[in-house]
Amino acid sequence: MATTFTKIASVSVGSGGSANIDFTSIPQTYTDLCVKVSSRDTYSAAFLDVFMQLAGVTSSVYTYRRVIGNGTTASSSSGTDVNIPIAVHPGATATAGSFANYEIYIPNYTSAFNKSVSVDTVGDQNATLSYNALYTGIMSNTSAVTSIKILCQTSFAQYSTATLYGIKNS
Amino acid sequence: MAILDKLLRRNTMSEVATAIEVNCATGEVTERPLTTEELAQREADAQAYASKKHEEEVAAQAAAEAKAALLTKLGITEDEAKLLLA
């Protein structure tokens, strides 16, 4: 049976925290990419947004749409920005030890077309205020995805993890 | 200044903002301070985010006040309005 889902790299944030998690020199030998993340922020708030940039592109070419529920109400939002929002993760005032889980999927990342992204995320803290969200985004830039930068608003807390997988279609 | 730092999610002198970089070709993991460009981008992003959040809060507050004013004008409670619309 063909191996279609392969771990490329993994990272775990140490005690000092980290503002960004960058995957660089991503091999161009797969069909799609997937990043599975577990994260928490060090900033003193219940929940904070997490963002992503692809291929080192920092201009305002990312268009996104988000559908989100917070345990009480559901809402949606959209926009164009210098990055794509991909998750809402717990901050320092959220329940201790709670982390958000999210999966980022980037199909056809080597293509010469704009790059699409989909993300499903759960920002849970074992309390009423917890988030479930779906994100979709497009980077209007045809660069191949050779790097992925995941950014949080202050610093990823210790024990946050991210693992990059390559997926082959055969 | 401390409040502005917090609003802009800026690190103070004692906290050097770092990035963890994983080179997928070599497997090498390095932790490095953010570059000047990254710090500038981070600050610009934080300011834009704070501004957007503020606009959303102002809009939400205005909507809540308009709703409350309408309920007062109609002389009904929010629960009664929900009953009417159910």
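Select A:Arg66 and A:Tyr135. The two residues are bridge partners, with A:Tyr135 sitting in E10(A). This is a predicted model. Widen the selection to both strands: E5(A) and E10(A) run antiparallel and share eight bridges.

**Along strand E5**

Stay on E5, residues 62-69 of chain A, and show its side chains. In a regular strand, side chains alternate between the two faces of the sheet. Which residues of E5 point to the buried face? Colour A:Tyr62, A:Tyr64, A:Arg66 and A:Ile68: they point to one face and are buried. Now colour A:Thr63, A:Arg65, A:Val67 and A:Gly69: they point to the other face and are not buried.

**Across to strand E6**

Add E6, residues 74-81 of chain A. E5(A) and E6(A) pair in the antiparallel sense, again over eight bridges. Pick A:Gly69 and look opposite: A:Ala74 of E6(A) is there. Then step into the hairpin, where four residues lie between the strands. Check the backbone of A:Gly71: its phi is positive, near 95°.

**Two aromatic pairs**

How many aromatic pairs does the structure hold over all chains? There are two. Select A:Phe5 and A:Tyr165 for a tilted pair, with ring centres 4.9 Å apart and 45° between the planes. A:Phe5 belongs to strand E1 (residues 5-12) and A:Tyr165 to strand E12 (residues 161-167), both of chain A, so this pair ties together parts 160 residues apart in sequence. Switch on a surface. A:Phe5 is partly exposed, at 39% relative accessible area, whereas A:Tyr165 is buried, at 19%.

Next, select A:Phe47 and A:Tyr131. Their ring centres are 4.9 Å apart and their planes meet at 75°, so the pair is edge-to-face. A:Phe47 lies in strand E4 (residues 47-54) of chain A and A:Tyr131 in strand E10 (residues 131-139) of chain A; the pair therefore ties together parts 84 residues apart in sequence. A:Phe47 is buried at 14% relative accessible area. A:Tyr131 counts as buried too, at 18%.

**A lysine over a ring**

Move to A:Tyr30. A:Lys168 lies over the face of this ring, 5.7 Å from the ring centre.

**The core**

Finish with the largest nonpolar core, which has 46 residues. Select the residues with the most contacts inside this core: A:Phe23, A:Ile86, A:Tyr102, A:Ile104, A:Ile148 and A:Ile150. Centre on A:Phe23 and show its neighbours. Among the residues A:Phe23 touches in chain A are A:Ala9, A:Val11, A:Val35, A:Ile148, A:Ala162 and A:Leu164. Now display chain B: A:Phe23 also touches B:Val22 and B:Cys24.

Terms used:
Residues numbered from 1 in each chain as written. Chains lettered and ligands numbered in written order. Predicted model: local features only at pLDDT ≥ 70, side-chain atom pairs only at ≥ 80, totals over all residues. Heavy atoms only, no water. Core = buried A, V, L, I, M, F, W, Y, C linked by side-chain atoms within 4.5 Å. Buried < 20%, exposed > 50% of the residue type's maximum accessible area, 1.4 Å probe, protein only. Contact = heavy atoms within 4.5 Å. Phe/Tyr/Trp six-rings, centres within 6.5 Å; stacked < 30°, edge-to-face > 60°. Lys NZ or Arg CZ within 6 Å of the ring centre and 35° of its normal. Pairing = 2+ DSSP bridges. Lists of a residue's contacts leave out its neighbours within four places in sequence.
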